[in-house]
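Visitor: I'd like a close look at one part of this protein, please. Could you pick a single helix and walk me through how it sits among its surroundings?

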Amino acid sequence: GKPTTQGKNERFHQTLFTWLDTRPDPDSIAGMQALVDEFDVWYNTQRRHQGLTRRDRTGAGRAVDARPPSLSRQ
């Protein structure tokens with residue numbers, strides 16, 4: 001209900017839509033859900049943000065790229 005909350009929500013959607021724009025269009029709703037699930041894993045566990053320590057991002061000592069999977073491959 002507060003403007004700052006709405007801004008955070010809109011920023012999240014911008015990140016999601018930018019990520020989806022780099023992916024092929026899904027053929028079905030199930031395909032879209034699979035893409036959103038992939039994004040969700042990246043967004044919550046692999047991208048750089050304050051909630052994750054460096055160890056959380058790197059896992060078992062290997063570096064994890066902070067970019068979405070689709071952008072990391074380029």
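**A close look at helix α2**

Guide: Happy to. The secondary structure of the protein chain comes to four helices and zero strands, and this is a predicted model. Along the sequence the pattern reads α-α-α-α. Of the chain's 74 residues, 22% count as buried. Among contacts between residues at least 6 apart in sequence, 38% join residues at least 24 apart.

Let's settle on α2, which covers residues 29–46. With 1.5 Å for each residue, its 18 residues should span 26 Å, and the end C-alpha atoms are 25 Å apart, which agrees.

Now turn α2 and look at its two faces. Leu 35, Phe 39, Trp 42 and Tyr 43 are buried in this helix. These residues cover an arc of only 95 degrees around the axis, which puts them on the same side of α2. On the face turned away from that buried side you will find the exposed residues Ile 29 and Ala 30.

What does the buried side belong to? The largest nonpolar core has seven residues in all: Leu 16, Trp 19, Leu 20, Leu 35, Phe 39, Trp 42 and Tyr 43. Two elements, α1 and α2, give two or more residues to this core. The most comes from α2, with four residues.

Aromatic rings are part of the picture too. The structure holds six aromatic pairs, and ring pairs link Phe 12, Trp 19, Phe 39, Trp 42 and Tyr 43 into a cluster. Trp 19, Phe 39, Trp 42 and Tyr 43 are also listed in the nonpolar core.

There is a polar link to α2 as well. Arg 23 lies in the loop between α1 (3–21) and α2. Its relative accessibility is 14%, and because the limit for buried is under 20%, Arg 23 counts as buried. The side chain of Arg 23 makes a polar contact with the side chain of Glu 38, at 3.4 Å.

Before you leave, glance at the neighbour in sequence, α1, where Thr 18 is found. At 44% relative accessibility, Thr 18 counts as partly exposed. A polar atom of the Thr 18 side chain lies 2.8 Å from the backbone oxygen of Gln 14.

To bring it back to α2: Leu 35, Phe 39, Trp 42 and Tyr 43 are its buried residues, while Ile 29 and Ala 30 are exposed on the face turned away from them.

Note on methods. Residues numbered from 1 in each chain as written. Predicted model: local features only at pLDDT ≥ 70, side-chain atom pairs only at ≥ 80, totals over all residues. Heavy atoms only, no water. Expected span 1.5 Å × (residues − 1). Buried < 20%, exposed > 50% of the residue type's maximum accessible area, 1.4 Å probe, protein only. Arc of directions from axis to C-beta. Polar contact = N/O pair within 3.5 Å; in protein donor to acceptor, adjacent residues only side chain to side chain. Phe/Tyr/Trp six-rings, centres within 6.5 Å; stacked < 30°, edge-to-face > 60°. Core = buried A, V, L, I, M, F, W, Y, C linked by side-chain atoms within 4.5 Å. Contact = heavy atoms within 4.5 Å.
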